[in-house]
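Student: Could you walk me through the empty spaces in this protein, and then through a couple of backbone oddities?

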Amino acid sequence: MSQTTASEQEPAFIEVGEGRGARRIAVRARPGGGPGSASGAPGLVWLGGFKSDMTGTKAIALDAWAAEHGRSCVRFDYSGHGESSGEFADGTIGRWLEESVAVFSQFCRGPQVVIGSSMGGWMALLLAREIMRRGNAKAQLAGLVLIAPAPDFTEELMWKGFSPEIRAEIETKGVWLRPSEYGDGSPYPITRNLIEEGRNHLLLGSKIDVGCPVRILQGAQDPDVPWKHAFALVHRLPAEDVVLTMIQDGDHRLSRPQDIARIIAAVAEIG
């Protein structure tokens, strides 16, 4: 199946949250089976990055690969992103995690490889922890593939690196507009609520038990998530079946054809 066909798949919508916190989440869930299917092969779940949507280069490429190999593939937009409802400025790590758990619970059956990019890497680790806590019998983790993963980024890569002037603006005004080189170039609103609520979900201060194999791909030239951040994550993961691949000329996007091939190879290696 072509990438164009994959991107034209119409989304379904689910409601997450209640009352004023309710939002419609857009989901594209491709069933497995059919020609080329590998019996019992894990499905794919895509978790995108901060201010990214499910129609990006990596998400579409993975969906097309899943279709070609008869695997299920689930991707969605967090609230305030893409085709989902809500304002981006209202988003928090906990809010987006709630949506990730809801989509996984409703659309996934059997073993799954969760692929998380940037913030999606943090989401994948948090989702893995939630799955272990809840003991979901309908769907299980076969493995995680993390692309430039950014666990704890609100604290480690944002707050700790902000100047006193930026911190003061966030604390007094409740928001700072961060310049961006991604998407349409519009600045990102970084809210006080995003920073403060993110502290409820920090992972790097203790052992992270995900209960499955982990593959990490990191660009050495990444200006947004330094390669040392990936090393800090690896040190918190179990020693067994965790592989970090450093791409010397890779940037944060890791969306070049050779990067996509590495990502797909990591997914296929897990099963």
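Tutor: What follows covers pockets, cavities and unusual backbone angles, and the model we are looking at is a predicted one.

Student: What volume does the largest pocket have?

Tutor: The largest pocket has a volume of about 990 Å³, and 35 residues line it, with Phe 50, Ser 52, Tyr 182, Tyr 188 and His 252 lying nearest its centre. The elements that contribute two or more residues to this lining are α2 (57-68) and α5 (153-158).

Student: And how do the residues of that lining divide?

Tutor: The lining of the largest pocket holds 13 nonpolar, 14 polar and eight charged residues.

Student: How many cavities of 30 Å³ or more turn up in the whole structure?

Tutor: The search finds one, and the largest cavity encloses about 40 Å³ of space. Its lining consists of Phe 50, Phe 88, Ala 89, Gly 91, Trp 96, Pro 189, Thr 191 and Leu 194, which divide into six nonpolar and two polar residues, with no charged ones. Phe 50 is listed in this lining and is also among the residues nearest the centre of the largest pocket.

Student: Switching to the backbone, what is the phi of Asp 152?

Tutor: Asp 152 has a positive phi of about 65 degrees, although it is not a glycine, and it sits in the loop between β6 (139-147) and α5.

Student: Is Asp 152 buried or exposed?

Tutor: Asp 152 counts as buried because its relative accessibility is 3%, and the cut-off for buried is under 20%.

Student: Where does Asp 241 lie, then?

Tutor: Asp 241 lies in the loop between α8 (227-236) and β10 (242-247), its phi is positive, near 55 degrees, and with a relative accessible area of 40% it is partly exposed.

Definitions and conventions: Residues are numbered from 1 along each chain as its sequence is written. This is a predicted model: local features need pLDDT of at least 70, side-chain atom pairs count only at pLDDT 80 or more; totals for chains, interfaces and linings use all residues. Side-chain values use heavy atoms; hydrogens and water are left out. On a 1 Å grid over the protein atoms alone, a cavity is a set of points where a 1.4 Å probe fits but cannot get out, and a pocket is an open set with protein on both sides within 12 Å along at least five of seven lines; lining residues have an atom within 4 Å of a point. Grid points are joined across faces, edges and corners, and a volume is the space filled by probe spheres set on the points. Helices (H or I, at least four residues) and strands (E, at least two) are DSSP runs, numbered from the N terminus. Ala, Val, Leu, Ile, Met, Phe, Trp, Tyr, Cys and Pro count as nonpolar, Asp, Glu, Lys and Arg as charged, and the others, Gly among them, as polar. Buried means under 20% relative accessible area, exposed over 50%, partly exposed in between (1.4 Å probe, protein chains only).
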